Amino acid sequence: MGLVPTPPEPAGPSHEGQGYFNHELNGVRARGARKMPELKLDYVLNAATHNHSGPDTVGIWGLRAPLSDAPLTSGIQLPWLQDVVNEQLANAIVDAARAM
């Protein structure tokens, strides 16, 4: 008897932004699982376009002047935005899975 491993189940949404951290994508995966319990995602690979005109989704553009001794601060100025992006990414994954 041979054992054949189950292939991983990936999802690959995209969004306009600087990038996205893994802990946010883990939240996206969990949201997708709540919306569609039969969807068993092993990982989410997000393609961020890395534009410079969208809001900062990784905090890279902090509120500190160059060469300043001021403490670093996050550039994420719209805390609610992460929740909106996470929800829309999860919706995109579920919509794509249902369309298959």
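1. Contact here means heavy atoms within 4.5 Å. In this predicted model, Ile93 touches Ala11, Pro13, Val28, Leu39, Leu41 and Val44, once residues up to four places away in sequence are set aside. Ile93 is also one of the buried residues of helix α2, and its partners make a convenient way into the rest of the structure.

2. As for the overall plan, the protein has two helices and four strands, and from the N terminus on these elements follow the order β-β-α-β-β-α. Of its 100 residues, 31% count as buried. Among contacts between residues at least 6 apart in sequence, 76% join residues at least 24 apart. The protein exposes about 6,900 Å², of which carbon and sulfur atoms supply 61%.

3. The largest nonpolar core holds 15 residues, and within it Leu39, Leu41 and Ile93 touch the most other members. Two or more residues of this core come from each of the elements α1 (22–35) and α2, and α2 gives the most, with seven residues. In soluble globular proteins, nonpolar side chains tend to be buried together. Leu39 and Leu41 also appear among the residues that Ile93 touches.

4. Helix α2 covers residues 79–99, and its length can be checked by simple reasoning. The expected span is 1.5 Å times one less than the number of residues, so the 21 residues of α2 should span 30 Å, and the 32 Å between its end C-alpha atoms agrees with this. The buried residues of α2 are Leu81, Gln82, Val85, Asn86, Leu89, Ala90, Ile93, Val94 and Ala97. An α-helix has 3.6 residues a turn, so residues three or four places apart point the same way. The buried positions of α2 can be read with that spacing in mind, Leu81, Val85 and Leu89 being among them.

5. Which side chain meets that of Asp83 in a salt bridge? The partner is Arg31, with N and O 2.1 Å apart. Because Arg31 lies in helix α1 and Asp83 in helix α2, this pair ties together parts that are 52 residues apart in sequence. Arg31 counts as buried, since its relative accessibility is 16% and the cut-off for buried is under 20%, whereas Asp83, at 44%, counts as partly exposed.

6. The structure holds three salt bridges, and another of them joins Glu87 to Arg31, the closest N and O atoms being 2.6 Å apart. Here too the pair runs between the helices, Glu87 lying in α2 and Arg31 in α1, so that parts 56 residues apart in sequence are tied together. Glu87 is partly exposed, at 25% relative accessibility.

7. Glu87 also forms a salt bridge with Lys35, whose closest N and O atoms are 2.6 Å apart. Lys35 lies in helix α1 and Glu87 in helix α2, so this pair ties together parts 52 residues apart in sequence. Lys35 counts as partly exposed, with a relative accessibility of 31%. Through shared partners, the salt bridges join Arg31, Lys35, Asp83 and Glu87 into one network.

8. Two loop residues deserve a look side by side. Gly12 sits in the loop between β1 (10–11) and β2 (14–15) and is exposed, with a relative accessible area of 66%. The C-alpha atoms of Gly12 and Val44 are separated by 5.9 Å, although the two residues are 32 apart along the chain. Asn46, by contrast, is found in the loop between β3 (43–44) and β4 (47–48) and is buried, with a relative accessible area of 14%. Leaving aside neighbours within four places in sequence, Asn46 is in contact with Pro13, Ser14, His15, Tyr20, Leu25 and Leu89. Pro13 is also touched by Ile93, and Leu89 is one of the buried residues of α2.

9. A last point concerns the surface, where Leu78, Trp80 and Val84 form a nonpolar patch with about 280 Å² of accessible area together. Val84 belongs to helix α2 and, at 39% relative accessibility, counts as partly exposed. Helix α2 therefore carries a partly exposed nonpolar residue, Val84, while Leu81 and Val85, also in α2, are buried.

How values were computed
Residues are numbered from 1 along each chain as its sequence is written. This is a predicted model: local features need pLDDT of at least 70, side-chain atom pairs count only at pLDDT 80 or more; totals for chains, interfaces and linings use all residues. Side-chain values use heavy atoms; hydrogens and water are left out. Patches are made of residues with over 30% relative accessible area and no salt bridge: like charges are joined within 9 Å, nonpolar side chains (Val, Leu, Ile, Met, Phe, Trp, Tyr) within 5 Å. Accessible areas come from the Shrake-Rupley method with a 1.4 Å probe; for residues, only the protein chains shown count as cover. A salt bridge is a side-chain nitrogen of Lys or Arg within 4 Å of a carboxyl oxygen of Asp or Glu. Buried means under 20% relative accessible area, exposed over 50%, partly exposed in between (1.4 Å probe, protein chains only). A nonpolar core is a set of buried Ala, Val, Leu, Ile, Met, Phe, Trp, Tyr and Cys residues joined through side-chain atoms within 4.5 Å.
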